[in-house]
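User: Hi! I'd like to walk through this model with you. Could you start with how copies get compared, before we get to particulars?

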Number of protein chains: 2
Amino acid sequence: MTGDWEAPTHRDVAAARDRLAGHAHQTPVLTSSRLTAQSGAEVVHFKCEALQRSGSFKFRGAYNAISQFTDEQRRAGVLAYSSGNHAQAIGLAARMLEVPAVVIMPDDAPAVKVDATLGYGAEVVRYDRYAEDREEIGARLALERGMTLVPPYDHPHVIAGQGTATAELHEVVGPLDVLVVPVGGGGLLAGACLATRALAPQCEIYGVEPEAGDDGRQSLRRGRIVHIDTPTTIADGAQTQHLGTWTFPIIQREVTDILTVTDEQLVAAIRTLAGTMKLLVEPTGCLGVAALSQLSLTGKRVGVLLSGGNVDLVRYGRLLVGDAR
Amino acid sequence: MTGDWEAPTHRDVAAARDRLAGHAHQTPVLTSSRLTAQSGAEVVHFKCEALQRSGSFKFRGAYNAISQFTDEQRRAGVLAYSSGNHAQAIGLAARMLEVPAVVIMPDDAPAVKVDATLGYGAEVVRYDRYAEDREEIGARLALERGMTLVPPYDHPHVIAGQGTATAELHEVVGPLDVLVVPVGGGGLLAGACLATRALAPQCEIYGVEPEAGDDGRQSLRRGRIVHIDTPTTIADGAQTQHLGTWTFPIIQREVTDILTVTDEQLVAAIRTLAGTMKLLVEPTGCLGVAALSQLSLTGKRVGVLLSGGNVDLVRYGRLLVGDAR
């Protein structure tokens, strides 16, 4: 994935849709009369990426990127750093495209995520995150084995792939007035911007991140990418330290605002989605729902991306029970 | 709902689909490559009635029944006995059709279910299940207020409504080879039989009930409706004591067998559906998934009905955590 790239556009999202057709799920779009009533909106549509292959939208970007490898790149394989949804997405997309995959994960990554990645057939290389530098390990593997790195969010092919979720949403329900999207590194949000400007030009777009990790909002305010320390939040998919050099300019250009929510609000949203919509959504996936009450939605047609559902079941069960052990 | 009825057929299911169009959700049909691989089937399709309005398939039968009321019946209102999914379904369907509703519930019904039914605008009449006879209360209300009783499963209009779930499934994925359906009073299963014989004549149909409440299996074996004591099982939607006089003949004619599963197998299925498919499914809704390992499915195209998702979140969370308090 080295080389000279151009900033992705809605045409790249359309091309990604063709590549993903028949390989990614077209995930359901669901409504809840209760949540619509609470929001004051005309209707709220939920795009259920927790029901995507590998359990999150990340599959879209991973598949879109690997499917553009040259034959030589395919033979040598794909490399990723991740202890989260990107790892599983790369593992599954690589298996489907018959490309060898190595995922570099810290020693202390949750067993459930390591197992899921191994289950998709990827090789997992562990490292000591306090003693070793993962970039060095990655660079060595790339050199020794000629493998190609696919980053979790900051690449045009990844952004274009993530944009397909939003493209499907606008097409299924018609152009929306407001779109609300979780933000970690900004891949899903940047892709949502590209798809929305083409399919619903008047739609306002909001990103949502954890209050403890508001680097995105700070970046919008200051007009440059702000770096923060790894934030402490239950939204583990949004524990990113900064937006990307590809994602930020798109977000800066297209997004109305980035909102923040607390972990308590995320827990309430998890329970709402479980109780009302019967969906198991991971904390990061609930960011959009948790922020709805901050927006004036009266009479609006609203879309919310539920980005993923990968969470340890015992941990999730404890959130429902109200036991935060 | 008194009067002379004829046994329902697939034509009644088709008519119910017309009545439900635009009112019930056409629920998603999802697949899981992991669950398909585990089953040995060519593919397993899951029909997600937990995502139906009111949280279960019961909305289909309730709406189909009430929408056939005469003007006089509509004015007087609908009456139901239920502490479960039928209560919520009647509440919501009655509200949508602007028909007054009374639901008779025991004093000790879970607060969450009473609240949900009240939330849909139904009047809830409580009774002491140890001192009072609910049929007597119902008969008095029917007499005094001219209300029409809609039973939870044993009525042709209810059966035909429930059949629409299976009709949608066959139509979306093409005719199936094997269909697996939860059984309480047999409304969902009888409806599934009618739809399947019309749309997938060669499809084998299996019912699944809790081991502790195997009245359906006993009834099939003996060729008559067997009554049992209220069974003790976490599958509260299948704590019925007997099949119905309308549901049994259809089931007897069309079903290959009725299987049983233990509560432990249901808990495992709940965790599988949560972890793999990100769906919150109530214990009764998991009956079909829990029975899959008993069937020889090699190379078959299989459908499983996930019937509902209404469960107290704290209780559900404890099942995930493994804490059976």
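Analyst: Happy to. Copies are superposed by least squares on the C-alpha atoms of residues with pLDDT of at least 70 in both. Keep in mind that this is a predicted model.

User: Great. What turn and shift lay chain B on chain A?

Analyst: A turn of 180° with a shift of 0.0 Å along the axis does it, and the RMSD is 0.0 Å. That is the relation of a two-fold axis. The two copies use the same surface, as 100% of the contact residues of chain B recur in chain A.

User: Which residue of chain B comes closest to the rotation axis?

Analyst: Gly317(B), whose C-alpha is 2.0 Å from the axis.

User: And how much area is buried between chain B and chain A?

Analyst: About 2,000 Å², with carbon and sulfur atoms giving 66% of that. In chain B, the residues that lose the most area to chain A are Lys278(B), Leu313(B) and Val321(B), together 30% of what that side buries. Counted as contacts, 25 residues of chain B meet 25 residues of chain A.

User: Let's go to the largest nonpolar core. Which members touch the most others?

Analyst: Leu279(A) and Leu279(B), in a core of 84 residues. Leaving aside neighbours within four places in sequence, Leu279(A) is in contact with residues of chain A including Leu30(A), Cys48(A), Leu306(A) and Tyr316(A). From chain B, Leu279(A) contacts Leu51(B), Lys278(B), Leu279(B) and Leu280(B).

User: Nice, so a contact list with both chains in it. What about Lys278(A), is that lysine buried or exposed?

Analyst: Lys278(A) counts as buried, because its relative accessibility is 6% and the cut-off for buried is under 20%. Lys278(A) sits in the loop between helix H12 (263-277) and helix H13 (287-291) of chain A. Its backbone stands out too: phi is positive, about 60°, although Lys278(A) is not a glycine.

User: Where else is there a positive phi on a residue that is not a glycine?

Analyst: Glu98(A) has one, at about 55°. Glu98(A) belongs to the loop between helix H5 (85-96) and strand S4 (101-106) of chain A. At 72% relative accessibility, Glu98(A) counts as exposed.

User: Switching to domains. How is chain A divided?

Analyst: Into domain 1 (10-56 + 155-320) and domain 2 (59-149). Their C-alpha centres lie 24 Å apart.

User: How much do the two domains bury between them?

Analyst: About 1,700 Å², 51% of it on carbon and sulfur atoms. On the domain 1 side, Arg19(A), Ser54(A) and His157(A) lose the most area to domain 2, together 34% of what that side buries. In terms of contacts, 25 residues of domain 1 meet 16 residues of domain 2.

User: Over in chain B, where does Ser54(B) lie?

Analyst: In the loop between strand S2 (43-48) and helix H3 (58-66) of chain B. Ser54(B) is buried, with a relative accessible area of 6%. Beyond four places in sequence, Ser54(B) touches Phe59(B), Gln88(B), Ala89(B), Leu92(B), Tyr120(B) and Asn310(B).

User: I'm curious about Arg301(B). Which backbone oxygen does its side chain reach?

Analyst: The side chain of Arg301(B) reaches the backbone oxygen of Val173(B) at 2.7 Å. The backbone oxygen of Pro175(B) also lies 2.7 Å from a polar atom of that side chain. Arg301(B) is in strand S10 (residues 301-306) of chain B, and its contacts outside the local sequence include Glu42(B), His45(B) and Asp177(B).

User: One more: what does the side chain of Thr240(A) reach?

Analyst: The backbone oxygen of Gly184(A), at 2.9 Å. Thr240(A) is in the loop between helix H10 (215-222) and helix H11 (247-254) of chain A, and counts as buried at 16% relative accessibility. Its contacts beyond four places in sequence are Tyr153(A), Gly184(A), Gly185(A), Asp215(A), Ile228(A) and Pro231(A).

User: And Ala212(B), how accessible is that?

Analyst: Ala212(B) is partly exposed, with a relative accessible area of 47%. Ala212(B) lies in the loop between strand S8 (204-210) and helix H10 (215-222) of chain B. Apart from neighbours within four places in sequence, Ala212(B) is in contact with Pro231(B) and Thr232(B).

Definitions and conventions:
Residues are numbered from 1 along each chain as its sequence is written. Chains are lettered from A and ligands numbered from 1 in the order in which they are written. This is a predicted model: local features need pLDDT of at least 70, side-chain atom pairs count only at pLDDT 80 or more; totals for chains, interfaces and linings use all residues. Side-chain values use heavy atoms; hydrogens and water are left out. A nonpolar core is a set of buried Ala, Val, Leu, Ile, Met, Phe, Trp, Tyr and Cys residues joined through side-chain atoms within 4.5 Å. Buried means under 20% relative accessible area, exposed over 50%, partly exposed in between (1.4 Å probe, protein chains only). Contact means heavy atoms within 4.5 Å. Helices (H or I, at least four residues) and strands (E, at least two) are DSSP runs, numbered from the N terminus. A polar contact is a pair of N or O atoms within 3.5 Å; within protein, one must be able to donate a hydrogen and the other to accept it, and residues adjacent in sequence count only if both atoms are side-chain atoms. Domain bounds come from an automatic or database domain assignment. Buried area is the accessible area (1.4 Å probe) that two parts lose on being put together, summed over both.
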